[in-house]
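This report describes a few parts of one protein model, moving from the packing of helices to a sheet and then to a single residue. Please read it alongside the sequence and the structure shown here.

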Amino acid sequence: GSLVAAVLAHSGRLDKEHLGARVGRLSRRGEVCTMINKKYSEFLPSMQSAEDLVAQVEGLSNNIDLLKAGIENEVQRDLNVAVAEFTELKQQLERDTLVLSVLKKLQEFDTTIKECNSALQEKQYVAAAQQLEKARSSLRSLESRRGFELKILKALGTELTVQTQNLIYHLGEEWQKLIVWKLPPSKGSSSLEAVVLSELHLYLVPPQDKDTAVPPVAAVLQALAVLGELHSKLKDFGHLLLQYILKPLISHPPLEPVPEEQPDVFILRFRSQELALDESSPMEVFEKIRLVFEVLHKHLLNVPLEQPGEGRVTLAELLGELIWEELSDCLIHNCLVNSIPTNSSKLEQYKEVIESTEEFEKALKKMQFLKEDTTALLKYACNVDSHFANKKCQDVIMAARNLMTSEIHNTVKITPDFSTALPELPDPGSGDHVKMPRGSSLVPSGTVSVGTESRLSPLTLCLPSCRISCSVQQLVELAYHTLLEATASTDLCCVQLFDCVRNIFQLFYEVVPTYHRENLQKLPQLAAIHHNNCMYIAHHLLTLGHQFRYHSTSVLSNGAATFVDLVPGFRRLGMECFLAQMRVQKGEILERLSSARNFSNMDDEENYCAANKAIKQVLHQLRRLGMVWQDVLPVNVYCKAMGALLNTALAEIVTRIAALEDISAEDADRLYSLCRIMVEEGPQVFTPLLEEDKNKKYQEEVPVYVQKWMTFKELMIILQANLQEIVDQWADGKGPLAEEFSAAEVKSLIRALFQNTERRAAALAKIK
């Protein structure tokens with residue numbers, strides 16, 4: 001304090017207040033120091049005790065290290081030995097436990113085999129089968145243990161197989177005693193004489209032990225079910241039942257099942273009715289099949305069984321699953337298919353078949369032969385409209401195909417007033433029902449009224465007279481009658497039948513040219529008939545859809561029922577075939593004329609004979625064609641065809657003669673004589689009609705059909721004319737010669753016919 005006062009006094013700069021404050025602070029610091037000294041004096045004993053504790057801990061740690069070392073060196077060794085001993089004892093216990101369980105299973109296997117043999121001797125087949133299943137379960141348990149294999153297991157498996165087969169053998173013998181088939185000698189035969197000899201015997205032996213709750217039949221079946229062999233036995237039984245009882249009843253109408261019940265046996269045999277129809281109605285077939293199932297259900301199929309994995313079922317359910325699919329297919333294809341009506345008017349009567357089918361299925365379901373959701377047979381019967389249409393279409397297509405593959409040369413004459421058996425349709429506005437087909441003409445006789453005033457000839461739009469195949473006429477009639485059938489059917493059936501008619505004509509388009517290709521190429525008459533056939537079909541297709549438009553359903557009455565789109569194809573088909581034949585004939589004509597040695601050097605007798613022969617051959621060919629096409633082709637087509645062929649011959653002759661560079665007077669005379677043969681005999685090949693006097697008209701009109709006719713006649717004039725006559729025929733390019741020949745061709749002929757003189761030069765100068 002004195003030091004502080006001295007310092008403050010010495011400074012002289014602090015005033016008295018500041019000095020007081022500083023003195024206060026210094027006083028407090030002194031108090032703090034005093035407190036620290038007090039705490040230090042209190043801490044020293046605690047620190048001393050902590051140091052003592054540290055010394056004790058270090059001593060304890062040393063003791064722990066010593067103890068740990070002792071454990072690691074002595075106790076761990078003893079512990080490892082104990083663990084090894086415990087592990088060994090545990091493994092030994094597991095082995096002993098496994099051996100004990102195996103011995104128990106072996107004991108169970110041995111016990112079940114003994115009990116099975118005992119039950120088998122007493123004919124307790126269900127118990128024997130159950131014991132075998134227990135033995136099989138024990139053996140599976142033994143075989144499933146991994147790492148544990150016994151040589152005895154193989155022997156046990158062999159023993160189990162032997163016992164199982166032994167039981168199956170005994171059950172098979174019992175099955176054969178209970179169910180006996182007496183089959184015809186020729187087992188593969190399905191004739192009526194063979195199947196009528198088939199018999200099924202069920203021996204219903206009552207149980208010998210009155211205390212037995214299960215009858216022998218049920219015991220055998222249950223034992224087979226336990227062993228898993230019932231399926232194969234039922235499969236064999238179902239196969240025999242189908243082959244020798246059910247299917248014969250469906251296929252042979254005279255067969256009738258005859259059940260006979262005796263005290264210890266039930267017999268099912270057949271009886272053949274002498275007066276029976278060729279086909280049984282579905283009602284009769286269903287009644288026969290139902291009778292068979294009723295008697296089988298009474299004596300066999302009503303046995304309840306415990307099926308492994310399926311629970312409690314009856315034998316009827318198991319048999320139904322095995323044979324129903326095949327039986328229903330047989331009923332459909334051999335019974336219901338044949339009962340489908342072939343005429344829409346009989347569809348109403350088919351309701352009886354539907355009701356009978358429904359009753360048949362209900363009866364089978366009641367006997368548990370069918371499941372509740374099984375209605376395949378009934379679905380087929382109810383879908384009669386579709387099946388009727390399918391059957392009708394199939395019959396129509398088959399009939400059409402037979403007509404298409406029949407002979408073409410069997411023909412019928414078609415005239416504008418020709419009447420064919422086509423259906424007569426009612427007036428669209430009359431509301432009458434469609435009548436049945438009867439003979440009538442497609443085109444009515446008399447005049448046709450158009451509007452209120454205009455009148456057309458009755459022959460307007462008629463097909464010209466010609467010959468067509470009888471098969472094609474029948475094909476068109478088939479199309480008309482099918483469409484008439486469609487008008488009286490349901491919408492679905494109507495559309496299907498309409499498509500069927502279209503398919504008929506499309507089939508004709510594909511089949512006939514292919515099937516008859518060789519004959520159409522080789523035989524001119526058949527080519528002409530095929531041409532007429534196509535034109536006849538096209539003629540009817542123009543109005544075929546329109547005629548039925550107002551008599552069909554709303555599906556087709558909107559204009560969709562048309563065949564007009566097929567018309568161009570048929571016309572093209574007929575023309576292409578006939579034009580191909582025309583090309584063949586033209587080729588033969590040119591080939592024959594090629595042997596005429598270019599009509600040169602006719603003064604040579606050999607050359608003249610060759611040319612004359614060629615001319616005669618061409619005329620013979622034309623006459624032959626005229627005969628085979630006579631009364632076959634329409635007159636206008638006939639004349640055009642013969643005119644085109646004759647024109648080919650004349651054009652070739654003109655070309656060959658006009659190309660000659662030198663024609664002597666004798667050559668000209670002989671060429672003229674050859675040309676005269678063509679002019680005189682050429683028109684005679686035009687004989688389109690059978691009546692000779694009517695053919696003169698067409699023979700006189702040869703220039704109309706033969707384009708080169710006048711050219712040919714002008715050539716004949718040139719061959720016999722002098723220079724002045726030729727110049728006159730030319731008439732400064734305005735004469736008849738100028739219309740047929742060019743100036744160059746005329747000059748060439750003049751140079752070939754006449755020598756080089758001033759007169760020839762003058763004549764040539766005028767030809768320009």
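## A pair of helices

Helices α13 and α16 are roughly parallel to each other, because their angle of about 10° falls under the 35 degrees that serve as the limit for that description. The model in which this pair is seen is a predicted one. Helix α13 covers residues 470–487 and helix α16 covers residues 524–547, and where the two pack their axes are 11 Å apart.

On the side of α13 the contact is made by Val-472, Gln-473, Leu-475, Val-476, Tyr-480 and Leu-483, while α16 contributes Asn-533, Tyr-536, Ile-537, His-540, Leu-544 and Gln-547. Sorted by class, the residues in this contact are eight nonpolar and four polar, with no charged residues.

## The four-stranded sheet

Elsewhere in the model, four strands form an open sheet in the order β1-β2-β4-β3, and their pairing is antiparallel. Strands β1 (179–182) and β3 (255–261) stand at the edges, and since each has a single partner strand, one side of each is left without a neighbour in the sheet. From one strand to the next, the twist averages 20°.

At one edge, β1 runs antiparallel to β2 (residues 199–203) and is joined to β2 by four bridges; within this pairing, Trp-181 stands opposite Leu-200 of β2. At the other edge, β3 and β4 also run antiparallel and are joined by seven bridges. A hairpin of three residues leads from β3 to β4, and the bridge partner that Glu-261 finds in β4 is Phe-266.

## Helices against the sheet

Helix α7 (residues 230–251) packs on the sheet and touches β1, β2, β3 and β4, the last of these being residues 265–272; the direction of α7 makes about 50° with that of β1. Helix α8, which spans residues 282–301, likewise lies across β1, β2, β3 and β4, and runs at about 20° to β3.

## A residue at the surface

Is Glu-355 buried or exposed? This residue, which has its place in helix α10 (residues 351–366), is exposed, because its relative accessible area of 52% lies over the 50% that the term requires. Glu-355 is 23 residues apart from Leu-378 in sequence, and in space the two are 9.0 Å apart, taken from C-alpha to C-alpha.

Notes. Residues numbered from 1 in each chain as written. Predicted model: local features only at pLDDT ≥ 70, side-chain atom pairs only at ≥ 80, totals over all residues. Heavy atoms only, no water. Pairing = 2+ DSSP bridges. Axes fitted to C-alpha atoms, helices over the stretch in contact; angles between N-to-C directions. Contact = heavy atoms within 4.5 Å. Parallel < 35°, antiparallel > 145°, perpendicular 65-115°, else oblique. Nonpolar A, V, L, I, M, F, W, Y, C, P; charged D, E, K, R; others polar. Buried < 20%, exposed > 50% of the residue type's maximum accessible area, 1.4 Å probe, protein only.
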